[in-house]
Amino acid sequence: AHIGVGISGQEGMQAVLSSDYSFAQFRFLQRLLLVHGRWSYLRMCKFLRYFFYKNFTFTFVHFWFAFFCGFSAQTVYDEWFITLYNLVYTALPVLGMSLFDQDVNDVWSFQQPQLYVPGQLNLYFSKKAFFKCALHSCYSSMVLFFIPYAAMHDTVRGDGKDVADYQSFALLTQTCLLFAVTIQLCLEMSYWTAVNTFFVLGSLVMYFAVTFTMYSNGMFLMSPSAFPFIGTARNSLNQPNIWLTILLTSILCVLPVVTYRFLFIQLCPTINDKIMFKVRQAKASPAPPPRRTRIRRTSSRRSGYAFSHAQGYGDLVTSGRFLRRPALSRSSGLTNAGRTTTGFSPMGRSAGYSPTGRPQNAKVSDVEVTSLQMYRTITDPSL
Amino acid sequence: MGKVKPGPLARRPDNSAFKQQRLPAWSPMLTANTVLPFFYFMALICMLLGVWLLLTVQSTEELKLDYTEAGTCNLCFEKRKNVSNAAQPCICTAVFNIKKAFKGDVFFYYGLINFHQNLRRYMDSRDDAQMVGRKNNLKSPSSYCMPFDKNKNGVPIAPCGAVANSIFNDSFTLSYMASSGSVHVPLLRKGISWYTDKNIKYRNPSTENMTLPQVFEGTAPPLYWQKPVYDLDPLDKNNNGFINDDLIVWMREAAFPNFKKLYGVLHRANKPFVNGLPAGNYSVEISYNFPVQYFRGRKEVVLTTLTWFGGQNHFLPIAYLVTSCLIQLIAILLTVFWFKFGKNGQNMEE
């Protein structure tokens with residue numbers, strides 16, 4: 001089992017103390033699994049995949065550079081960038097995604113329990129998914145190294161001065177990397193709250209702010225050996241050459257991902273794609289989402305099953321008497337609308353309360369049975 | 001935190017949008033009417049960029065001359081194989097021909113093949129604090145410069161480190177073989193380094209009322225240098241010490257083993273170079289000092305005109321054109337797949 005759930009109640013709190021999650025009523029289990037559990041699985045898997053992707057990409061670029069620096073373990077990026085990459089530039093966006101992400105909202109999650117199946121089948125993060133992520137990183141790192149290399153190794157600035165130096169190349173590569181992983185994050189995120197957007201854009205802005213600060217004259221004069229990259233940002237980022245290279249790397253890193261995902265949505269959509277399509281359709285034509293009716297759980301007597309110290313309500317259930325519509329509502333002239341059921345009525349034979357604590361309403365105009373057949377249709381032959 | 005309400009619902013979490021995960025949000029999805037137009041648009045943009053850049057790059061002219069053993073330089077090449085000849089000068093000449101005139105500003109570079117300025121220990125072997133003019137670093141260079149921090153007599157080296165030690169010390173004189181004879185091609189040797197390098201990163205130690213040689217007293221030149229650092233440019237006394245342009249250009253390590261560094265810009269004040277370099281025969285007289293056979297390297301001279309885009313590098317324009325074709329192909333493929341399989345959500349039944 002993945003988690004242990006305890007129900008707190010009159011039998012005591014021992015289950016609560018030894019469980020991962022606890023609540024007071026069994027019906028909360030549905031929400032725990034279908035909404036929160038599912039979201040949690042989705043977020044964890046997205047987080048893991050993306051985190052591995054961004055760090056593998058970051059690291060594999062060094063592998064390619066090794067062929068060009070005599071295998072001397074020279075880093076491609078500025079040392080400060082390496083320090084701040086995981087700490088500042090990509091920390092908050094990932095955190096935002098793994099806190100806020102939802103593919104469908106809680107109402108839809110609740111009503112479409114088949115969305116839970118990918119979690120049971122371990123689809124989102126497995127050895128296969130990890131391997132695909134590593135392959136994707138390999139490709140991205142090749143693009144992120146070789147495009148700047150080919151574009152920069154034999155060219156100069158517009159005024160003739162150097163732009164193929166190590167520091168400019170480091171700045172170019174790290175900027176390309178950051179753009180590529182940020183756009184990849186934007187593709188992964190499916191729920192853009194204001195907080196998320198702020199984190200993503202803020203991190204990019206932070207990158208440029210910190211870079212320009214560290215490559216400024218003031219920092220260099222404070223400690224020359226700690227900030228040797230002085231002037232690099234000012235001298236290379238004003239070259240259109242550099243920005244065109246950044247654009248090309250971003251395009252080449254991102255478009256294959258978009259192609260792959262779009263193709264799969266068209267050819268073999270997952271359950272998530274199908275439900276999200278339905279969500280969009282429902283939003284476009286604002287019909288109320290099909291409401292699950294709880295009317296079929298008419299008999300509160302079923303709650304008596306658990307108590308084994310009494311004879312129980314077995315006779316009552318098998319006799320079917322509780323299914324009979326009370327005389328009062330029958331004479332009101334309502335027509336039998338097929339799957340209509342008995343509502344709660346004070347004259348009926350229910351024990352006087354309903355397990356959900358809510359009045360069981362009789363409005364049954366739009367009822368739909370889902371493929372999982374969670375709720376059995378009860379047709380009352382006696383009506 | 002609000003007041004704790006007594007009663008059965010006392011510990012309920014807030015019903016706020018943040019805590020109940022109902023924040024207003026945008027949920028994008030990859031639908032056909034966003035993805036397909038986007039692909040076509042990107043293909044168009046890449047095509048336009050590729051064509052524009054190709055036209056720009058085609059308007060540049062470039063000439064590379066490998067002079068390691070060209071012309072009379074093979075004699076110097078042999079001479080430099082013997083390290084005891086290092087102090088002896090060797091002058092050689094190489095000739096080349098320009099077919100099409102170089103219009104506009106012409107830039108003269110020296111290039112090295114297979115010289116790894118990006119080796120980690122090489123790049124660490126420098127002292128930026130010394131080269132920004134700090135007096136205590138002048139006499140006690142950083143330990144990163146070892147073994148190029150002190151000479152065999154224990155005198156500190158200025159500038160210390162392997163990068164400064166291996167400075168490129170060939171010099172060039174270009175001549176144009178006009179019909180009237182050989183005309184010297186004037187090259188401006190100032191302003192070849194970045195503004196921030198020349199004015200902030202590299203500064204001589206403050207002189208007060210001493211001369212530059214006096215400031216550097218108590219230090220020794222690097223082991224492979226023939227001249228001390230305060231005498232690098234006898235013609236321009238402001239170009240000596242750590243702010244020497246050639247030294248600054250060399251100290252900016254190249255990212256890759258095959259690189260070129262700016263040596264000079266054509267001085268276009270007088271005829272026949274007012275419009276650039278005319279077509280014809282040229283000869284370059286080289287003071288050949290830098291030995292390259294140790295690392296199986298080559299030396300070359302590059303003459304090029306430039307545009308706003310830089311030198312003659314065809315990669316980016318061609319890459320854009322290729323990318324545009326690929327994106328176009330993929331867009332067509334995706335349109336076909338969408339039309340056959342996914343149009344109007346026909347694949348979206350459960």
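**Figure 1. Pairing of strands β6 and β11 in chain B of the predicted model.** Strand β6 of chain B covers residues 171-178, and strand β11 of chain B covers residues 280-287. The two strands pair in the antiparallel sense, with 6 bridges between them. Two of the facing positions may be located in this view. B:Ser171 stands opposite B:Ser287 in β11(B), and B:Leu174 has B:Val284 of β11(B) as its bridge partner.

**Figure 2. The hairpin of β6 and β7 in chain B.** A connection of 2 residues joins β6(B) to β7(B) as a hairpin. The pairing of β6(B) with β7(B) is antiparallel and comprises 5 bridges. Within this pair, B:Ser175 stands opposite B:His184 in β7(B).

**Figure 3. The open sheet of 4 strands in chain B.** Read across the sheet, the strand order is β3-β11-β6-β7 of chain B, and the pairing is antiparallel. The edge positions are taken by β3 (91-98) and β7 (181-185) of chain B, each of which pairs on one side only. On average, neighbouring strands of this sheet are turned by 30° against each other, direction ignored.

**Figure 4. The open sheet of 5 strands in chain B.** This sheet has the order β2-β12-β5-β9-β8 in chain B, again with antiparallel pairing. Strands β2 (62-66) and β8 (187-188) of chain B stand at the edges; each has a single partner strand, so one side of each is left without a neighbour in the sheet. At the β8 edge, 2 bridges join β8(B) to β9(B), and these strands run antiparallel. B:Leu188 stands opposite B:Val265 in β9(B).

**Figure 5. The loop between α5 and α6 of chain B, with B:Ser142 and two cis peptide bonds.** B:Ser142 lies in the loop that runs between α5 (135-139) and α6 (162-165) of chain B. The side chain of B:Ser142 reaches the backbone nitrogen of B:Tyr144 at 3.0 Å. When neighbours within four places in sequence are left aside, B:Ser142 is in contact with B:Arg126, B:Asp127 and B:Asp149. B:Pro147 belongs to the loop between α5 and α6 of chain B, and the peptide bond leading to B:Pro147 from B:Met146 is cis, with omega near 0°. B:Pro159 is likewise found in the loop between α5 and α6 of chain B. The peptide bond from B:Ala158 to B:Pro159 is cis, with omega near -5°.

**Figure 6. The interface of chain B and chain A.** The contact involves 78 residues from chain B and 83 residues from chain A. About 6,700 Å² of area is buried between the two chains, and carbon and sulfur atoms give 65% of this area. Across the interface there are 28 residue pairs in polar contact (both at pLDDT 80 or more). On the side of chain B that touches chain A, at least two residues each come from β1 (25-26), α1 (32-58), β5 (106-113), α3 (120-124), α4 (128-131), α7 (195-201), β9 (259-266) and α10 (315-342) of chain B. Of the elements on this side, α10(B) gives the most, with 12 residues. By residue class, the side of chain B that touches chain A divides into 46 nonpolar, 19 polar and 13 charged residues.

**Figure 7. Salt bridges between chain B and chain A.** The interface of chain B and chain A holds 4 salt bridges, and the count over all chains is 24. One salt bridge is formed by A:Asp165 and B:Arg252, whose closest N and O atoms are 2.6 Å apart. This pair crosses between chains: A:Asp165 is in the loop between α7 (127-152) and α8 (166-188) of chain A, and B:Arg252 is in the loop between α9 (245-251) and β9 of chain B. Another salt bridge links B:Lys64 with A:Asp154, the closest N and O atoms being 3.3 Å apart.

**Figure 8. Strand pairing between chain A and chain B.** Strand β3 of chain A, residues 192-193, is joined to β1(B) by 2 bridges, and the two strands run antiparallel. The bridge partner of A:Thr193 in β1(B) is B:Ala25.

**Figure 9. A:Phe71, a residue with positive phi.** Phi of A:Phe71 is near 55°, a positive value in a residue other than glycine. A:Phe71 lies in the loop between α2 (28-66) and α3 (79-89) of chain A.

Notes. Residues numbered from 1 in each chain as written. Chains lettered and ligands numbered in written order. Predicted model: local features only at pLDDT ≥ 70, side-chain atom pairs only at ≥ 80, totals over all residues. Heavy atoms only, no water. Contact = heavy atoms within 4.5 Å. Buried area = accessible area lost by both parts, 1.4 Å probe. Salt bridge = Lys/Arg side-chain N within 4 Å of Asp/Glu carboxyl O. Polar contact = N/O pair within 3.5 Å; in protein donor to acceptor, adjacent residues only side chain to side chain. Nonpolar A, V, L, I, M, F, W, Y, C, P; charged D, E, K, R; others polar. Pairing = 2+ DSSP bridges. Axes fitted to C-alpha atoms, helices over the stretch in contact; angles between N-to-C directions.
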